[in-house]
Amino acid sequence: MRILIINGPNLNLLGLREPEIYGKQSYTELLDFLNQCGKALDLELEFFQSNHEGAIVDAIQEAYGKADGIVINPAAYTHSSIAILDALKAVALPAVEVHLSDIQTRERFRQHSYISLACLATISGKGFDSYREALIFLKDHLN
């Protein structure tokens, strides 16, 4: 089973950017964690990170016919990107939205997610474990 994991803007700065909110672990540590999860769950993972909305749309479109599902942390685009929402709807791959922090307890503008409209579930507020739970959810759904 092949899962594309998409990370949006500023996630490449994990550990540096507001560690009190996003944690002190780096993006490289997140990828290491996810590789371990993938092995444990017998999943083939592909990773993509971009600070650019169009590149994320392109990655979603390119997943069609190649990936069985998508885990996406759209970061700030969660609250603003109809283009990413439309791309997820267009490819119609099972998708789970993830966030390191609990967006429901953050600033009001962060509490609305356009992306969730195209996702089976949203998992947030569990740090790296948000991703692990999303992978388990997708694997169960696809089986």
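This briefing covers salt bridges, a buried loop site, one helix and a few backbone angles. The structure is a predicted model. A search of the whole structure finds 4 salt bridges, and R2, E44 and E46 are linked in a network of such bridges. T78 and S113 are both in loops, and S113 has T78 among its contacts. Helix 3 has buried residues that lie on the same side of the helix.

**Salt bridges between strands**

- The side chains of E46 and R2 form a salt bridge, with an N to O distance of 3.5 Å.
- E46 belongs to strand 2 and R2 to strand 1, so this pair ties together parts that are 44 residues apart in sequence.
- E46 is partly exposed, with a relative accessible area of 37%.
- R2 is also partly exposed, at 28%.
- The bridging does not stop at this pair, as E44 is linked with R2 and E46 in a network of salt bridges.

**Salt bridges of D129, R132, E133 and K126**

- D129 and R132 form a salt bridge in which the closest N and O atoms are 3.3 Å apart.
- Both residues lie in helix 5 (residues 129-142), where a spacing of 3 residues is about one turn of the helix.
- D129 counts as partly exposed at 31% relative accessibility, and R132 counts as partly exposed at 30%.
- E133 and K126 meet through their side chains in a salt bridge of 2.9 Å, N to O.
- E133 is partly exposed at 26% relative accessibility, and K126 is partly exposed with a relative accessible area of 42%.

**The buried site around T78**

- T78 sits in the loop between strand 3 (69-73) and helix 4 (82-91).
- With a relative accessibility of 0%, T78 counts as buried, because the cut-off for that class is under 20%.
- A polar atom of the T78 side chain lies 2.6 Å from the backbone oxygen of A75.
- Not counting residues up to four places away in sequence, T78 touches E97, H99, H112, S113, Y114 and I115.

**S113, a contact of T78**

- S113 is located in the loop between strand 4 (95-99) and strand 5 (121-124).
- S113 counts as buried at 9% relative accessibility.
- The side chains of S113 and E97 are joined by a polar contact of 2.8 Å.
- The S113 side chain also reaches the backbone nitrogen of I115, at 3.3 Å.
- Leaving aside neighbours within four places in sequence, S113 is in contact with T78 and E97.
- E97 is thus listed among the contacts of T78 and among those of S113.

**Helix 3 and its buried side**

- Helix 3 spans residues 53-63, and I56, V57, A59, I60 and A63 within this helix are buried.
- These residues cover an arc of only 160 degrees around the axis, which means that they are on the same side of helix 3.
- The buried residues of helix 3 pack against strand 1, strand 2, strand 3 and helix 4.
- Helix 3 is followed by G65, which has a positive phi near 80 degrees.

**Positive phi outside glycine**

- Most residues other than glycine have a negative phi.
- N10 has a positive phi, near 75 degrees, and is a residue other than glycine.
- N10 is in the loop between strand 1 (2-7) and helix 1 (19-22).
- N10 is partly exposed, with a relative accessible area of 33%.
- D42, likewise a residue other than glycine, has a positive phi near 60 degrees.
- D42 is placed in the loop between helix 2 (27-41) and strand 2 (44-49).
- With a relative accessible area of 63%, D42 is exposed, because the cut-off for that class is over 50%.

Key
Residues are numbered from 1 along each chain as its sequence is written. This is a predicted model: local features need pLDDT of at least 70, side-chain atom pairs count only at pLDDT 80 or more; totals for chains, interfaces and linings use all residues. Side-chain values use heavy atoms; hydrogens and water are left out. Helices (H or I, at least four residues) and strands (E, at least two) are DSSP runs, numbered from the N terminus. Buried means under 20% relative accessible area, exposed over 50%, partly exposed in between (1.4 Å probe, protein chains only). A polar contact is a pair of N or O atoms within 3.5 Å; within protein, one must be able to donate a hydrogen and the other to accept it, and residues adjacent in sequence count only if both atoms are side-chain atoms. Contact means heavy atoms within 4.5 Å. The arc is that of the directions from the helix axis to the C-beta atoms.
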